[in-house]
Amino acid sequence: MLYQVRVDDEETSIVIESFDDLGQAIDCYVLQILALNQPFVDIQIVQMIGDDDECVPITSHSFT
């Protein structure tokens, strides 16, 4: 399975990194949360399904 950590600032969604291991994706997700200092941003982990960039959200955190 492939997991991605993404940051969304209401205008664009940026893939920070992709992982085959959920544990590594969680580590990256937590580090992104701890390092973030700007408002109105969502950080999320998604599981990729299919070949056309379809995904299922696993968790997200919103900074408002």
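# Exercises on a four-stranded sheet and its helix

An open sheet of four strands, paired antiparallel, has the order S2-S1-S3-S4. Its edge strands are S2 and S4 (54-63), each of which pairs on one side only. From one strand to the next, the twist averages 20 degrees. The model is predicted.

## Exercise 1. The overall fold

Task: State which elements the protein contains, in what order they run, and how the radius of gyration compares with the globule rule.

Solution.

Step 1. Take the inventory: the protein has four strands and one helix.

Step 2. Read from the N terminus; the elements follow one another as β-β-α-β-β.

Step 3. The radius of gyration is 11 Å, close to the 11 Å that the globule rule gives for 64 residues, so the protein is as compact as a globular protein of that length.

Step 4. Add the dimensions: along the principal axes, the C-alpha atoms fill a box of roughly 30 × 25 × 15 Å.

Step 5. Turn to the surface. About 4,400 Å² is exposed, and 50% of it is supplied by carbon and sulfur atoms. Of the 64 residues, 25% count as buried.

Step 6. Consider contacts with a separation of 6 or more: residues 24 or more positions apart account for 39% of them.

## Exercise 2. The strand pairings

Task: Work through the sheet and give the number of bridges for each pairing, with residue partners.

Solution.

Step 1. Begin with S1 (residues 3-8) and S2 (residues 13-19), which run antiparallel and are joined by six bridges. Within this pairing, aspartate 8 has serine 13 of S2 as its bridge partner.

Step 2. Examine the connection. S1 and S2 form a hairpin with four residues between them. In the turn, glutamate 10 has a positive phi of about 75 degrees.

Step 3. Move to S3 (residues 41-49), with which S1 pairs over six bridges, again in the antiparallel sense. Three residue pairs locate the register:

- Tyrosine 3 stands opposite glutamine 47.
- Glutamine 4 has valine 46 as its bridge partner.
- Arginine 6 stands opposite glutamine 44.

Step 4. Finish with S3 and S4, which run antiparallel and are joined by nine bridges. Here valine 41 stands opposite phenylalanine 63.

Step 5. S3 and S4 also form a hairpin with four residues between them. The positive phi in this turn, about 75 degrees, belongs to glycine 50.

## Exercise 3. Cover on the sheet

Task: Find which strands helix H1 lies across, and explain why S1 is described as largely enclosed.

Solution.

Step 1. Locate the helix: H1 spans residues 22-35 and lies across S1, S2, S3 and S4. Its direction is at about 165 degrees to S3.

Step 2. Count the buried residues of S1. Five of the six are buried, so S1 is largely enclosed by the rest of the structure.

Step 3. Do the count for S3: seven of its nine residues are buried, and the strand is mostly covered.

## Exercise 4. Two residues of S1

Task: Decide whether glutamine 4 and aspartate 8 are buried or partly exposed, and describe their surroundings.

Solution.

Step 1. Place the residues. Glutamine 4 lies in strand S1, and aspartate 8 is in strand S1 too.

Step 2. Apply the cut-off: a residue is buried under 20% relative accessible area. Glutamine 4 has 10% relative accessibility and therefore counts as buried. Aspartate 8 has 24%, so it counts as partly exposed.

Step 3. List the neighbours of glutamine 4, not counting residues up to four places away in sequence. Glutamine 4 touches Val15, Glu17, Ser18, Gln44, Ile45, Val46 and Met48. Val46 is also the bridge partner of glutamine 4 in S3.

Step 4. Check the side chain of glutamine 4: a polar contact of 2.8 Å joins it to the side chain of arginine 6.

Step 5. List the neighbours of aspartate 8 with the same exclusion. Aspartate 8 touches Ser13, Phe40, Val41 and Asp42. Ser13 is its bridge partner in S2.

Step 6. Check the side chain of aspartate 8: it reaches the backbone nitrogen of glutamate 10 at 3.0 Å. Glutamate 10 is the turn residue with the positive phi in the S1-S2 hairpin.

Step 7. Compare sequence with space for aspartate 8 and aspartate 21. They are 13 residues apart in sequence, and their C-alpha atoms are 22 Å apart.

Note on methods. Residues numbered from 1 in each chain as written. Predicted model: local features only at pLDDT ≥ 70, side-chain atom pairs only at ≥ 80, totals over all residues. Heavy atoms only, no water. Buried < 20%, exposed > 50% of the residue type's maximum accessible area, 1.4 Å probe, protein only. Helix = DSSP H or I, 4+ residues; strand = E, 2+ residues; numbered from the N terminus. Pairing = 2+ DSSP bridges. Axes fitted to C-alpha atoms, helices over the stretch in contact; angles between N-to-C directions. Contact = heavy atoms within 4.5 Å. Polar contact = N/O pair within 3.5 Å; in protein donor to acceptor, adjacent residues only side chain to side chain. Rg over C-alpha atoms; globule rule 2.2 N^0.38 Å. Areas by Shrake-Rupley, 256 points an atom, 1.4 Å probe, with all protein chains shown as cover.
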